[in-house]
Amino acid sequence: MTALLEVEDLRVAYGKIEAVKGISFSVEAGQVVTLIGTNGAGKTTTLRTLSGLLKPSGGKIHFDGQVLNGTPAHKIVALGMAHSPEGRHIFPRLTIAENLQLGAFLRNDKAGIEKDIQRAYDLFPILGERRKQAAGTLSGGEQQMLAMGRALMSQPKLLMLDEPSMGLSPIMMQKIMATISELKAQGTTILLVEQNAQAALSLADHAYVMETGTIKLSGTGQDLLHDESVRKTYLGED
Amino acid sequence: MNELPQQLANGLALGALYGLIAIGYTMVYGIVQLINFAHGEIFMIGGFGALATYTILPSGISIAVALPLMLIGGAIVSVAVATAAERFAYRPLRGAPRLAPLITAIGLSIALQQLVWRFYPGAKGPVSFPEFTGESFKILGNLAISRADAFVLAAAPLCMLALGLFVSKSRSGRAMQATAQDPDTAKLMGINTDRIIVMAFAIGAAFAAVAAVAEGLDKGQIRFEMGFLLGLKAFTAAVLGGIGNIYGAMVGGVALGIVETLSIAYVQDIPGMEQFGGGAWKDVWAFSLLILVLLFRPQGLLGERVADRA
């Protein structure tokens with residue numbers, strides 16, 4: 001069978017500077033796949049290109065039987081890819097409920113949308129308690145919950161999470177990671193970009209290590225978790 | 001006789017006119033951070049569109065019947081010009097340094113003026129506009145509202161109400177708010193932000209056409225260069241109210257209109273200020289108000305702190 005997402009020799013450049021230098025990877029339906037690597041490795045650029053915010057300068061992206069090369073972002077969402085961006089990017093002056101409704105912008109099934117909003121409130125009760133509040137008033141962790149809940153509102157085939165634990169307190173980080181494994185247990189396909197390699201690798205079915213725009217290493221999450229060089233570079237062990 | 005209520009009514013009508021034009025500046029700025037300096041000309045062209053519509057109507061038609069058709073005709077012309085400008089002049093420059101679209105806007109403004117001057121019959125001078133004939137409305141005995149003022153005083157709140165409902169209640173309106181707050185993330189929601197931008201230009205242009213009809217009815221004429229100063233005033237109103245905020249545009253317009261009107265009427269009565277009163281100084285007072293607001297409240301009367309955008 002073919003993978004849900006298949007990336008072949010993807011290249012992305014900002015002007016003359018190539019940030020992603022020909023990477024290939026794939027995500028099977030039902031898997032959690034993670035891209036780990038240091039700052040500037042090209043992880044966020046990769047996700048932004050997959051969701052159509054950036055145009056690739058080379059290579060191919062196959063998603064769910066379609067070729068996405070230069071497809072505009074709003075059409076990619078319609079194909080079933082949701083992207084929760086780095087830095088959360090909730091709509092600060094809209095309420096939490098309105099943010100969630102925007103996540104379902106392309107859906108018309110009113111009852112289904114209501115049900116999914118309720119599901120987001122069940123997943124993150126704090127969002128339900130504050131549904132009428134402007135999203136900008138939430139704490140960083142709560143905003144991350146909202147960003148994830150909003151991304152789920154489109155009922156995506158693939159959920160892409162960019163640095164969901166960034167800047168969060170350890171407790172909040174645990175909560176977010178627990179939610180990701182909950183989503184995984186429900187069968188959600190997830191492409192996770194993380195700097196917290198330990199947490200990401202323990203969750204992932206498959207993992208890729210990115211360095212300066214290339215993929216240096218790949219394997220199952222468990223393999224990489226026990227890989228000597230990964231342990232040294234990304235898990236901070238001597 | 002106390003003429004303050006009358007002056008306030010006049011100022012309100014002028015302010016409503018400014019506010020209607022200011023909406024166009026503020027909506028476009030709110031979404032693409034572009035000061036569309038050609039918006040004054042979109043306003044002017046709406047007036048010529050309305051007039052052209054009037055000239056093809058059967059002669060002798062009552063202005064009350066003609067007015068709705070003129071509004072529609074004017075709006076069609078200004079919306080067509082504004083959306084074409086967006087598509088062919090501004091969109092190719094999206095992502096370019098901000099100076100590029102700004103210069104383009106100024107160039108477009110000159111081009112539109114010259115096109116009307118050159119090709120609209122008789123537009124090398126003032127062109128007469130149909131007028132509301134008939135008595136002013138008398139309110140509370142001595143307050144007289146001209147029919148032209150009554151038109152703008154009715155049109156402006158109706159437009160604002162419609163826009164307010166559209167932005168806060170409709171699906172497209174919410175998409176518009178999302179695009180204004182975070183365009184990239186709006187795309188990730190599946191919003192076609194290009195369409196939202198066109199919509200912002202179109203709404204601003206339609207409101208400008210309504211304002212142009214009001215201006216024509218009031219003055220009894222329109223001119224190819226009338227968009228310049230009125231556009232500048234309306235831009236001032238938008239900044240005054242807090243650019244990017246639709247209610248701010250109207251509040252800024254009304255504040256500006258009232259300050260102007262009152263300065264004409266009263267400044268000369270202040271001892272020692274005699275030489276600064278009258279119509280000749282009204283623009284000085286209007287722009288002084290702008291400077292004061294920018295000094296003490298740079299985000300404008302209803303503006304949000306810029307930090308909210310981050």
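This tour moves through the two chains of a predicted model, beginning with strands of chain A and ending in a loop of chain B.

**First stop: the open sheet of chain A**

Select strand 1 (residues 5-14) of chain A together with strand 2 (17-27) of chain A; the two run antiparallel and are joined over eight bridges. To find the register of this pair, pick A:Val12, whose bridge partner in strand 2 of chain A is A:Val20. Strand 1 and strand 2 of chain A make a hairpin with two residues between them, and in the turn A:Gly15 has a positive phi of about 60 degrees.

Now add strand 4 (residues 58-63) of chain A, which pairs with strand 1 of chain A in the antiparallel sense over five bridges. Here A:Leu5 has A:Phe63, in strand 4 of chain A, as its bridge partner. Then bring in strand 5 (66-67) of chain A, which runs antiparallel to strand 4 of chain A and is joined to it by two bridges; within this pairing A:His62 stands opposite A:Val67 of strand 5.

With these selected, the view shows an open sheet of four strands in chain A, in the order 2-1-4-5 and with antiparallel pairing. Strand 2 and strand 5 of chain A are the edge strands, each pairing on one side only.

**Second stop: strand 3 of chain A**

Next, select strand 3 (residues 32-37) of chain A, which is mostly covered, six of its six residues being buried. In a regular strand the side chains alternate between the two faces of the sheet. In strand 3 of chain A, A:Val32, A:Thr34 and A:Ile36 point one way while A:Val33, A:Leu35 and A:Gly37 point the other way, and all are buried.

Extend the selection to strand 8 (residues 190-194) of chain A, which runs parallel to strand 3 of chain A and is joined to it by five bridges; A:Leu35 stands opposite A:Val193 of strand 8. Strand 9 (residues 206-211) of chain A is likewise parallel to strand 3 of chain A and joined to it by five bridges, with A:Val33 standing opposite A:His206 of strand 9.

**Third stop: where chain A meets chain B**

Show both chains and select the contacts between them, in which 20 residues of chain A meet 15 residues of chain B. On the side of chain A that touches chain B, the elements giving two or more residues are helix 2 (73-79) and helix 3 (96-103) of chain A. Helix 2 of chain A gives the most, with four residues. Coloured by residue class, this side of chain A divides into eleven nonpolar, seven polar and two charged residues.

**Fourth stop: helical spans and a loop of chain B**

Moving to chain B, the unreviewed UniProt entry places the feature "transmembrane region" at several spans, among them residues 12-32 and 150-167. Residues 12-32 of chain B are 100% helix, and their end C-alpha atoms lie 30 Å apart. Residues 150-167 of chain B are also 100% helix, with end C-alpha atoms 26 Å apart.

Finally, centre on B:Gln268, in the loop between helix 10 (246-266) and helix 11 (282-296) of chain B. Is B:Gln268 buried, exposed or partly exposed? B:Gln268 is partly exposed, because 14 other C-beta atoms lie within 10 Å, a count between the limits of 12 or fewer for exposed and 20 or more for buried. Leaving aside neighbours within four places in sequence, B:Gln268 is in contact with B:Met273, B:Glu274, B:Gly277 and B:Gly278. The C-alpha atoms of B:Gln268 and B:Gly278 are separated by 6.7 Å, although these residues are ten apart along the chain.

Note on methods. Residues numbered from 1 in each chain as written. Chains lettered and ligands numbered in written order. Predicted model: local features only at pLDDT ≥ 70, side-chain atom pairs only at ≥ 80, totals over all residues. Contact = placed C-beta atoms within 7 Å. Nonpolar A, V, L, I, M, F, W, Y, C, P; charged D, E, K, R; others polar. Pairing = 2+ DSSP bridges. UniProt positions renumbered as here; feature names shortened; annotations may be inferred.
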